[in-house]
Amino acid sequence: MIGKAKADSPPGPLPINWPAHIPYLTTPSYSPHLTPAHLRALRTRPGDPSDPLPEIARDLKPGPCPSIRIIPITDPGHPANGQAGLFATRDLAPGELVLPYLGEIHIGTPPFGSSGGSDASGYDYAQSDYDLWLDRDADLAVDAARTGNEARFVNDYRGVPGRDGKKKANAEFRVVWDARRGVGERGMAVFVLRAGKRATGRARAVGVGRGEEVLVSYGRGFWQGRREEEGQEDGGWDGDGVVAKEEGGG
Ligand SMILES: C[S@@+](CC[C@H](N)C(=O)[O-])C[C@H]1O[C@@H](n2cnc3c(N)ncnc32)[C@H](O)[C@@H]1O
């Protein structure tokens with residue numbers, strides 16, 4: 001024997017309540033079907049200087065995010081009861097980055113985006129509830145159903161009970177430029193919503209309070225698609241947010 005095989009490096013720390021059956025990511029994974037053209041598009045910074053993508057700084061540490069926690073939901077009045085959600089461990093400021101949304105970057109449309117079928121592995125992205133468009137023109141999406149980070153647990157605000165009635169969205173998905181990877185790369189991330197122009201007092205300083213659930217809007221299309229799958233009429237959700245991949249055209 002000339003030398004010993006190098007032992008696999010030990011896995012890094014996992015977030016509290018991370019499900020054992022889902023591989024935890026600290027960088028995205030990439031579908032083997034992505035072509036050089038897809039990768040070029042992913043790694044080309046959009047050129048509109050008047051509307052630059054928010055940037056994930058090089059010094060943002062990968063791994064479990066200390067500002068949020070995955071918590072199992074045990075409130076029968078919560079529409080995701082029995083599942084889990086993301087909760088703030090400290091006050092989060094309006095507009096603040098919560099964390100990147102990591103998953104498998106893949107081709108968004110058929111055949112590899114698999115609609116009405118499945119890829120060679122038998123997996124159908126079109127059935128995923130964790131799939132977001134990253135760039136429709138470049139046909140790139142990110143799916144966190146099979147692998148991801150804590151961001152995959154962010155719930156939609158609809159029907160979530162609050163202290164004074166129903167909760168509203170307090171966060172959103174935004175496409176970002178992640179400067180930590182090579183030349184840089186597009187990605188998705190969860191941000192606290194910016195404060196409204198007329199916000200005063202605490203609402204100007206705190207977007208998501210400590211202990212509060214981080215809630216986004218998946219967009220009307222997500223729920224419309226869900227009802228169609230279940231054979232129900234579209235009940236007419238208010239149409240805000242346009243990121244869940246089931247939103248028209250995907
Ligand atoms: C991206 S996952 C969110 C994390 C999920 N709760 C979990 O524990 O894996 C999306 C799924 O969460 C559930 N969900 C999220 N927000 C919801 C809401 N407002 N009402 C009902 N179900 C919701 C739905 O089952 C949806 O398909």
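Here are some questions and answers about this predicted model.

Q: What pLDDT does the protein average?
A: Let's start with how confident the predictor is. Of the residues, 85% score at least 70. Across the protein, the average pLDDT is 86.

Q: How many contacts does the stretch 234–242 have beyond near neighbours in sequence?
A: Two stretches have a pLDDT below 50, and one of them is residues 1–7, with zero contacts in the model beyond near neighbours in sequence. Where pLDDT is low, the predicted coordinates should not be read in detail. Residues 234–242 also have a pLDDT below 50, but beyond near neighbours in sequence the model gives this stretch 15 contacts.

Q: What ipTM does the predictor give the complex?
A: The predictor scores the complex too. Its pTM is 0.89, and its ipTM is 0.99.

Q: Which strands stand at the edges of the open sheet of four strands?
A: The order in this sheet is β1-β6-β8-β7, with mixed pairing. An edge strand here has a single partner, so one of its sides is left without a neighbour in the sheet. That description fits β1 (29–30) and β7 (131–135).

Q: Which residue of β8 stands opposite D135?
A: Start with the pair of strands: β7 and β8 (residues 140–143) run antiparallel and are joined by four bridges. Within β8, the residue opposite D135 is L140.

Q: What is the bridge partner of W177 in β13?
A: W177 belongs to β12 and stands opposite E55. Strand β2 (residues 55–56) runs parallel to β12 (residues 171–178), with two bridges between them. β12 is also joined to β13 (residues 185–192), this time antiparallel and by eight bridges. In β13, W177 has as its bridge partner R186.

Q: Which residue takes a positive phi in the hairpin of β12 and β13?
A: This hairpin has six residues between its strands. A positive phi near 50 degrees turns up there, and the residue that takes it is G182.

Q: Which residues come nearest to the ligand?
A: There are 14 residues around the ligand. Two strands, β4 (84–88) and β9 (155–156), each supply at least two residues of that shell. The ones that come nearest are P79, Q83, D129, N155 and D156.

Q: How many residues of the shell around the ligand are nonpolar?
A: The shell is a mix of residue kinds. Four of its residues are polar and four are charged. The nonpolar ones number six.

Key
Residues are numbered from 1 along each chain as its sequence is written. This is a predicted model: local features need pLDDT of at least 70, side-chain atom pairs count only at pLDDT 80 or more; totals for chains, interfaces and linings use all residues. pLDDT is the predictor's confidence in each residue, from 0 to 100. Two residues are in contact if their C-beta atoms, placed from the backbone, lie within 7 Å. Two strands pair if DSSP finds at least two bridges between them. A residue is near a molecule or strand if its C-beta atom, placed from the backbone, lies within 6 Å of it. Ala, Val, Leu, Ile, Met, Phe, Trp, Tyr, Cys and Pro count as nonpolar, Asp, Glu, Lys and Arg as charged, and the others, Gly among them, as polar.
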